[in-house]
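This briefing walks through one protein model and its ligand surroundings. Start with a strand pairing, then work outward.

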Amino acid sequence: MSASMSLQPIELLEQPGAQPVTGSAAREPAFLPDAYRLPAGMARNPVAAIQPRVVFIEVTNRCNLLCETCPRTYFTREPLRSLTFDEFVFVAEQFPEMQRAVLHGIGEPLLNRDLPQIIAYLKARGVETLFNSNGTLLTPVWQEALALSGLDEYRCSIDGATPATYARIRGADLLHKIEAGLAGLVQTKARLGVATPRLSIWCVATQENLAELPDLVRMAARLGVPEVYVQRMTFFGHEPEQQYGMARREMAIFGQDAVVQEQVIAECEALSAALGVDFRAAGARDPRSSLTAAMLAGDHPWQACLRPWTTAYVTANGNCLPCCISPFATYDYDSLILGNLFEQPFSDIWNDALYRQFRTDFFTDHPHKACANCGVFWSL
Ligand SMILES: C[S@@+](CC[C@H](N)C(=O)[O-])C[C@H]1O[C@@H](n2cnc3c(N)ncnc32)[C@H](O)[C@@H]1O
Ligand code: SF4
Ligand code: SF4
């Protein structure tokens, strides 16, 4: 299969040229958080001139759900592991330039009991700290711990507004529990008089739940959650044998009924204005441009991505992958491992041969399969 045939639908981006370009000329989308940007004048060369500023550290790869869209439900990629506080510090200290830490990978962060200590360490370093969570463990104890921790953002993944849809996609009938947990966290923050963590609901949009997006906006308003984000479902590839569960081409909403999409988005926007809930897309896109994405086969859309120069992703076993999207975008997990920082300092891995090859391939017609399959704007 050619790279262009394997492309997923993608936003109409301003496309960088096929050659490395400097930071200011890389046509970075205006919404990108600063930490993802290249310093002015920095070229996207095979050797990265700066250390990563955005670091995803998977505090655990354990999970208590079996979501239909998640590769974790179908494939065991690495031994089960949760980072202890000391292990976390060992990992984090290898990133002296870290400005933004995202504490989820593939697993549920609240299953790591050292999380409050980990967050306190990061906040003492002045690092913006956030993670996505399935919300099923948001007990009063966690509500208070998170409200007191200094965590900047807690993003709750909810893929349906009705118990039946939620259960079908996320594999467990727990929507009522998650709603109660979120409402409790809102109340706990108010009781303690704290502004953080900022709360949001994140929905992976599929054919299964598209019609329920307006009810998710209503749910957010009812619970006191100020933001709802739509994420695009990523899948391994277009061949049936590369697909699993609901991570299948026919479940994606791209290239499907644009009239229905438009109606849903318009209803969400009207509700957003009426109820005071921000309605956004992952990557701080607006949902219309995200959900009405066009196929850009042959246009090298992945080349808009800056992550190989600004962002690192470390799994609970120390494996360094190019980004958090990549394990969702290729079946070939081993090819994503660019080094292991329990075996080698990260500063060596970052500009070692595998990383240099990854960055070199990025500017060809045949980038890594994950990049060829990638939606680029995903969960920042
Ligand atoms: C892998 S989860 C890890 C954090 C936590 N367990 C959770 O569910 O939020 C990170 C995010 O990926 C989303 N996700 C799951 N499957 C996806 C897919 N195929 N494409 C895009 N996002 C997906 C989840 O809904 C969640 O918001
Ligand atoms: S999406 Fe999150 S909650 Fe669901 S199986 Fe994957 S890691 Fe677990
Ligand atoms: S998989 Fe996507 S997000 Fe990750 S480095 Fe490649 S293009 Fe960027």
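Strand 4 (residues 153-157) and strand 5 run parallel, joined by five bridges. The model is predicted. Its mean pLDDT is 88, and 86% of the residues reach 70 or more.

**Strand 5 and its partners**
- Within the pairing of strand 4 with strand 5, Arg155 has Ser200 as its bridge partner.
- Strand 5 also pairs with strand 6 (residues 227-232), again in the parallel sense and over five bridges.
- Here Trp202 is bridged to Tyr229 of strand 6.
- Helix 6 (residues 213-223) completes a right-handed β-α-β unit with strand 5 and strand 6.
- Why is strand 5 (residues 198-205) described as largely enclosed by the rest of the structure? Seven of its eight residues are buried, so the label follows.
- In a regular strand, side chains alternate between the two faces of the sheet.

**The cis peptide**
- Thr196 and Pro197 are joined by a cis peptide bond, with omega at about 0°.
- Pro197 sits in the loop between helix 5 (175-192) and strand 5.

**Ligand 1**
- Ligand 1 is surrounded by 19 residues. The closest are Thr69, His104, Asn132, Ser157 and Thr234.
- Which elements give two or more residues to this shell? They are strand 3 (128-133) and strand 5.
- The shell around ligand 1 splits into nine nonpolar, nine polar and one charged residues.

**Ligand 2**
- Three cysteines are listed around ligand 2: Cys63, Cys67 and Cys70.
- Leu65, Leu66, Arg72 and Thr73 are also around ligand 2.
- Ile106, Gly107, Glu108 and Asn134 complete the set.
- By class, the shell of ligand 2 holds six nonpolar, three polar and two charged residues.

**Ligand 3**
- Ligand 3 has 13 residues around it. Trp302, Cys305, Cys323, Cys371 and Cys374 come nearest.
- Helix 9 (307-310), helix 10 (326-329) and helix 13 (369-372) each give two or more residues to this shell.
- The shell of ligand 3 counts 11 nonpolar residues, one polar and one charged.

**An exposed phenylalanine**
- Phe342 is in the loop between helix 10 and helix 11 (346-349).
- Is Phe342 buried or exposed? It counts as exposed, because it has 11 C-beta neighbours inside 10 Å; the exposed class takes 12 or fewer.
- Phe342 and Asn317 are 25 residues apart in sequence. In space, their C-alpha atoms are 7.9 Å apart.

**Whole-protein figures**
- The protein has 13 helices and nine strands.
- Of its 380 residues, 49% are buried.
- Take the contacts between residues at least 6 apart in sequence: 74% of them join residues at least 24 apart.

**Confidence**
- The mean pLDDT of 88 covers the protein as a whole. Over residues 1-28, the pLDDT is below 50.
- Residues 1-28 still have 72 contacts in the model beyond near neighbours in sequence.
- Where pLDDT is low, the predicted coordinates should not be read in detail.

Notes
Residues numbered from 1 in each chain as written. Chains lettered and ligands numbered in written order. Predicted model: local features only at pLDDT ≥ 70, side-chain atom pairs only at ≥ 80, totals over all residues. Buried ≥ 20, exposed ≤ 12 C-beta atoms within 10 Å, placed from the backbone. Helix = DSSP H or I, 4+ residues; strand = E, 2+ residues; numbered from the N terminus. Pairing = 2+ DSSP bridges. Right-handed = clockwise from strand over helix to strand, strands pointing away. Contact = placed C-beta atoms within 7 Å. Near = placed C-beta within 6 Å. Nonpolar A, V, L, I, M, F, W, Y, C, P; charged D, E, K, R; others polar. pLDDT = per-residue confidence, 0-100.
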